[in-house]
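Open the model in your viewer and keep the sequence panel beside it. The stops below say what to select and what is there.

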Amino acid sequence: MTRRQAPRPALDPRGHVVNANRPMAFVADESLLDDLLKLAVAAACELERVPDVTAARQRWSTAPLVLLDQKGVAECMAESMPPRGAIVVVATDPEPPELWKQSMEIGAERVVTLPGAEPWLVNALADAMEGPASNAGKVLTVLGARGGAGASVFAVAVGLTALKAGDNTLLIDCDPKGGGLDLVLGAEEEKGMRWPDMQLSAGRVAASSLHMSLPARRSGDAQLTLLSGARKGEGPAPDAVAAVIEAGRRAGEVVICDLPRQLEAAAWSAIDRADLAVIVTPAEVRAAVTAKQLARELSDRGASPQLVVRGPSPGGLRADEIAASAGIPLLATMRPEPQLAQSLERGMFHPRPRGPLTHAAKTTLNELATVSSRTHRGHTLRTAS
Ligand SMILES: Nc1ncnc2c1ncn2[C@@H]1O[C@H](COP(=O)(O)OP(=O)(O)OP(=O)(O)O)[C@@H](O)[C@H]1O
Ligand SMILES: [Mg+2]
């Protein structure tokens, strides 16, 4: 039997072990590089400065994040570097002419200009140190086509199904008037923070502190963590929603956001980060009409929602007919969950293992696992402030 050898650690010229997880900067502009090194210190990040394109090539495929200035972009293009994700092009404001075009050509994820984008860059550097993006979790938003559509119940059902499948899961209640998702989960008596108790500074939170301070459910080694509303106080701010979602994503969790009917800034913050948006609709004509309006709002914002139809249908409409009239791809159909109202009342909701909710939840989780991540869709974004 041959024993597999541990990979050799990378060494610097003096023979010291280097952290292969370091982001790389190929930046010729000395003053810009100085700024980046300061931001890296603020992010507790070891930023590796590479002096030339040969050194850049050595780290090209392994660095979790690549920062390039205009000259770096030009040299990498001249060297025909292979495509990769997580390339960020940096410049000092104002953005130089042609930079945008060059950045798109090299497949950059984003062009950022300093000083406006400093906070964004600090977060990106800190994120890059936390682990490779391939472990990133996926984000699902759940919306109802009308009040009482079954969105919150479905969001919790997806969360519990993911937990049962062994996935660490973060369930986020983004509906300040929804009565609290802890009630749906039967966790309203449980200790732990709710939205009004959360003090998020610098737009960043660690998943580990969420795990310690929020109500949770466990199954084997997996944990479902719930951030619920509290039937009092303000709803979460958009930045707070973003910080919590990104914490879950960085930690590789399945992140599920239950959204309100009224889409305000905090809800859009979740939608903008979602890899998949699901609209739950009862099988009724009027709900199909409002689902269609909602889908249009979402697609105007760049999201591509899919439909979950909940029976029964009072008018005998089939799910595919509802989906066709709403103009939304049909993801799943579910019959009414037996005994649901009673189990919710008793605070003992759990989707039946072979029931309609579990079946639709599994279909949704499979779809979530296969959609390409929102963060890697190949659009070049601009961040200046
Ligand atoms: N899968 C289901 N099967 C049977 N009944 C359901 C199902 N989902 C929801 N319901 C019923 O609909 C009620 C409302 O569900 P839920 O709170 O999930 O709707 P919602 O879309 O989140 O509503 P809101 O507009 O208040 O946010 C539940 O209390 C339950 O009685
Ligand atoms: Mg709800």
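## Stop 1: the middle of the sheet

Select strands S6 and S10, which run parallel and are joined by five bridges. Within this pair, leucine 140 stands opposite isoleucine 256 in S10. This is a predicted model, so treat each stop as a description of a prediction.

Stay on S6 and add S11: these two strands also pair in the parallel sense, over five bridges. Here threonine 141 has alanine 277 of S11 as its bridge partner.

Is S6 buried or exposed? Seven of its seven residues are buried, so S6 is largely enclosed by the rest of the structure. Colour its two faces separately to see this: Lys138, Leu140, Val142 and Gly144 are buried on one side, and Val139, Thr141 and Leu143 on the other.

## Stop 2: the whole sheet

Now show the full set of strands around S6. The sheet is open, with eight strands in the order S8-S9-S7-S10-S6-S11-S12-S13 and mixed pairing. Strand S8 (216-219) and strand S13 (330-334) are the edges; each has a single partner strand, so one side of each is left without a neighbour in the sheet. From one strand to the next the twist averages 20°.

Select S7 and S10, a parallel pair joined by five bridges. Aspartate 173 and aspartate 258 in S10 stand opposite each other.

Next, show helix H12 (residues 319-326), which packs on the sheet and touches strand S11 (276-282), strand S12 (306-310) and S13. The direction of H12 makes about 140° with that of S12. Then add helix H14 (residues 356-370), which lies across S6, S11, S12 and S13 and runs at about 165° to S13.

Go to the S13 edge. S12 and S13 pair in the parallel sense over four bridges, and leucine 307 has leucine 330 in S13 as its bridge partner. Although S13 stands at an edge, four of its five residues are buried, so S13 is largely enclosed by the rest of the structure.

## Stop 3: threonine 225

Move to strand S9 and pick threonine 225. With 27 other C-beta atoms within 10 Å, threonine 225 is buried. Its contacts, leaving aside neighbours within four places in sequence, are Leu170, Leu210, His211, Leu214 and Ala216. For a distance to check in the viewer, use the C-alpha atoms of threonine 225 and glutamate 253: they are 28 residues apart along the chain and separated by 9.9 Å.

## Stop 4: helix H9

Select residues 238-250, helix H9. The helix has 13 residues and reaches 18 Å from its first C-alpha to its last, close to the 18 Å expected at 1.5 Å a residue. Which residues of H9 are buried? They are Val241, Ala242, Ala243, Val244, Ile245, Glu246, Ala247, Gly248 and Arg249. Among the elements covering them are strand S6 (138-144), strand S7 (169-173), strand S9 (222-227) and helix H10 (265-273). Just after H9, look at glycine 252, which takes a positive phi of about 80°.

## Stop 5: ligand 1

Show ligand 1 and the 19 residues that surround it. The closest are Gly144, Gly150, Ala151, Ser152 and Val153. Gly144 has already appeared among the buried residues of S6. Helix H6 (151-164) and helix H13 (340-345) each supply at least two residues of this shell. Coloured by type, the shell divides into nine nonpolar, six polar and four charged residues.

## Stop 6: loops with unusual backbone

Select the loop between strand S4 (87-92) and helix H4 (99-105), where proline 94 is found. A cis peptide bond joins aspartate 93 to proline 94, with omega about 5°. Glutamate 98 lies in this loop between S4 and H4; glutamate 98 has a positive phi of about 75° although it is not a glycine. With 11 C-beta neighbours inside 10 Å, glutamate 98 counts as exposed.

A cis bond also joins leucine 114 and proline 115, with omega about 15°. Proline 115 lies in the loop between strand S5 (110-114) and helix H5 (118-130).

End at serine 80, in the loop between helix H3 (70-78) and S4. Serine 80 has a positive phi of about 50° and is not a glycine. With 6 other C-beta atoms within 10 Å, serine 80 is exposed.

Notes:
Residues numbered from 1 in each chain as written. Chains lettered and ligands numbered in written order. Predicted model: local features only at pLDDT ≥ 70, side-chain atom pairs only at ≥ 80, totals over all residues. Near = placed C-beta within 6 Å. Nonpolar A, V, L, I, M, F, W, Y, C, P; charged D, E, K, R; others polar. Expected span 1.5 Å × (residues − 1). Buried ≥ 20, exposed ≤ 12 C-beta atoms within 10 Å, placed from the backbone. Contact = placed C-beta atoms within 7 Å. Pairing = 2+ DSSP bridges. Axes fitted to C-alpha atoms, helices over the stretch in contact; angles between N-to-C directions.
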